2 protein chains.
Amino acid sequence: MPTSLSKIKEDFTQGLSQISRFWGFPKGMGAIFAVLYLSPTPLSLDEIVRETGLTKGAISTEIRALARMGLVHRSTKLGDRKDYYEAETDFYAAIRSILKERQNSEFDRAIRSVKETLAALDENWVENEEWQFVYARVQALQDFFDAIDSLGKAVIRLESLGVVNVQKILSVLK
Amino acid sequence: MPTSLSKIKEDFTQGLSQISRFWGFPKGMGAIFAVLYLSPTPLSLDEIVRETGLTKGAISTEIRALARMGLVHRSTKLGDRKDYYEAETDFYAAIRSILKERQNSEFDRAIRSVKETLAALDENWVENEEWQFVYARVQALQDFFDAIDSLGKAVIRLESLGVVNVQKILSVLK
DNA sequence: TACTGCGTTTAGTAGTTACTAAACGCTCAT
DNA sequence: ATGAGCGTTTAGTAACTACTAAACGCAGTA
């Protein structure tokens, strides 16, 4: 017995909702993106209301967040007062946009605080065991963050290279 | 005017708390890890109470989560009924452990649901435009997840390769 | 046996979050 | 002007989360 296409779409939307929630975003955000992503044409706010069951207000605020992240784009038709929204399909571009958006966020300030700890330790150099121990540990954490950061920057360049290059990276790491 | 080492430690702990919260974990979890990470010796539960200001109960539950993730290790001394905890310093090992722990989590089930959508589409093949469109989009998302997954697996091998190799990767991508 | 010192579990709570419902303001058409 | 049709903002709420305080269980010891 075949499953209907609309049922499949619902399941897909459900999946993206959970993924969204896992990453700390509202699940509605994932649902909105899913609906747009599976639509061949840009959708109006009311159409999204119909597809997701959310209210206009919620969608309005969440779609603004999605747009800031570069995951959806807003467009208009001439002689039509509605806004229309469509999903970004280049995920690497979206990631780059998200990371840029995040630039001055809580996250980066937190990461930076580790670097500041290191600086504070430098300025208050004392020649004792505890100091040396703390310094080494904080330094090690900083190195780790730097490594992750470098890799992150590498990832967001994948778009211009094509996914095939992932294999190249893996072969380097072998 | 020099800052005291204990003040520096506090700031560091504060920073890790925020990082922890950003990743969707309780901020207390970050604080506990920070305290352990900056301690040259394993600490007892009561010592962690003293350093963090949290209650035993909270620390008890959160340290269990940290242990599951491989971020802290529990040990005991002979003839001492206390447990002692210390931080994992090999972050790549910790990441590997976290990903393993996550294996059957909500996240993986969600990711898997995309693959299931693809399978459902395969089983209900119909030769029309909408079907083809949806199939192509879901396939593209799946490809993206696969690429990220490959990179993730690459990252957790960095430990055995040394951070230098990050430069190698970057040069490949250049 | 009772006591002491552990870690754990549980009940309750303050704060946060993801929403809804509805008022609002803006822009265009009449 | 007035009204209709948009998106946005706001006030309120139900559900959830990260904690606290305190009871609990379970050793080893006197």
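In the predicted model, the surface near DNA strand C is made up, by class, of nine charged, six polar and four nonpolar residues. Of the 19 residues around this strand, those that come nearest are A:Pro26 and A:Thr55 from one chain, together with B:Ser60, B:Arg64 and B:Arg81 from the other. On the side of the nucleic acid, sugar and phosphate account for 64% of the atoms of DNA strand C that come within 4 Å of the protein.

Several helices contribute to this surface. At least two residues each are supplied by α2 (27–37) and α4 (56–68) of chain A and by α4 (56–68) of chain B, and the largest share, five residues, comes from α4(B). Individual polar contacts with the backbone of the strand can also be described. A polar side-chain atom of A:Thr55, a residue already named among those that come nearest to DNA strand C, lies 3.0 Å from a phosphate oxygen of the strand. For A:Glu62, a polar side-chain atom is placed 3.2 Å from a phosphate oxygen of DNA strand C, and in chain B a polar side-chain atom of B:Arg74 likewise lies 3.2 Å from a phosphate oxygen of that strand.

The packing of helices within each chain was examined next. In chain A, the axes of helix α3 (residues 45–52) and α4(A) come within 10 Å and cross at roughly 110°, so that α3(A) is roughly perpendicular to α4(A). The crossing in which α3(A) passes α4(A) is right-handed. A:Leu45, A:Asp46, A:Ile48, A:Val49 and A:Thr52 form the α3(A) side of the contact, while A:Lys56, A:Ile59 and A:Ile63 form the α4(A) side; by class, the residues of this contact are five nonpolar, two charged and one polar. Helix α4(A) thus takes part in this contact and also supplies residues to the surface near DNA strand C.

In chain B, the axes of helix α1 (residues 5–22) and helix α2 (residues 27–37) come within 7 Å and cross at roughly 140°, an angle that makes α1(B) oblique to α2(B). Here, too, the crossing of α1(B) past α2(B) is right-handed. From α1(B), the residues B:Phe12, B:Thr13, B:Leu16, B:Ser17, B:Ser20 and B:Arg21 meet B:Lys27, B:Met29, B:Gly30, B:Ala31, B:Phe33, B:Ala34, B:Val35 and B:Tyr37 of α2(B). The residues of this contact divide into eight nonpolar, four polar and two charged.

Definitions and conventions
Residues are numbered from 1 along each chain as its sequence is written. Chains are lettered from A and ligands numbered from 1 in the order in which they are written. This is a predicted model: local features need pLDDT of at least 70, side-chain atom pairs count only at pLDDT 80 or more; totals for chains, interfaces and linings use all residues. Side-chain values use heavy atoms; hydrogens and water are left out. A residue is near a molecule or strand if one of its heavy atoms lies within 4 Å of it. A polar contact is a pair of N or O atoms within 3.5 Å; within protein, one must be able to donate a hydrogen and the other to accept it, and residues adjacent in sequence count only if both atoms are side-chain atoms. Helices (H or I, at least four residues) and strands (E, at least two) are DSSP runs, numbered from the N terminus. Ala, Val, Leu, Ile, Met, Phe, Trp, Tyr, Cys and Pro count as nonpolar, Asp, Glu, Lys and Arg as charged, and the others, Gly among them, as polar. Axes are lines fitted to C-alpha atoms, for helices over the stretch in contact, and angles run from 0 to 180 degrees between N-to-C directions. Angles under 35 degrees count as roughly parallel, over 145 as roughly antiparallel, 65 to 115 as roughly perpendicular and the rest as oblique. A crossing is left-handed if the near helix is turned anticlockwise from the far one by less than a right angle, and right-handed if clockwise. Contact means heavy atoms within 4.5 Å.
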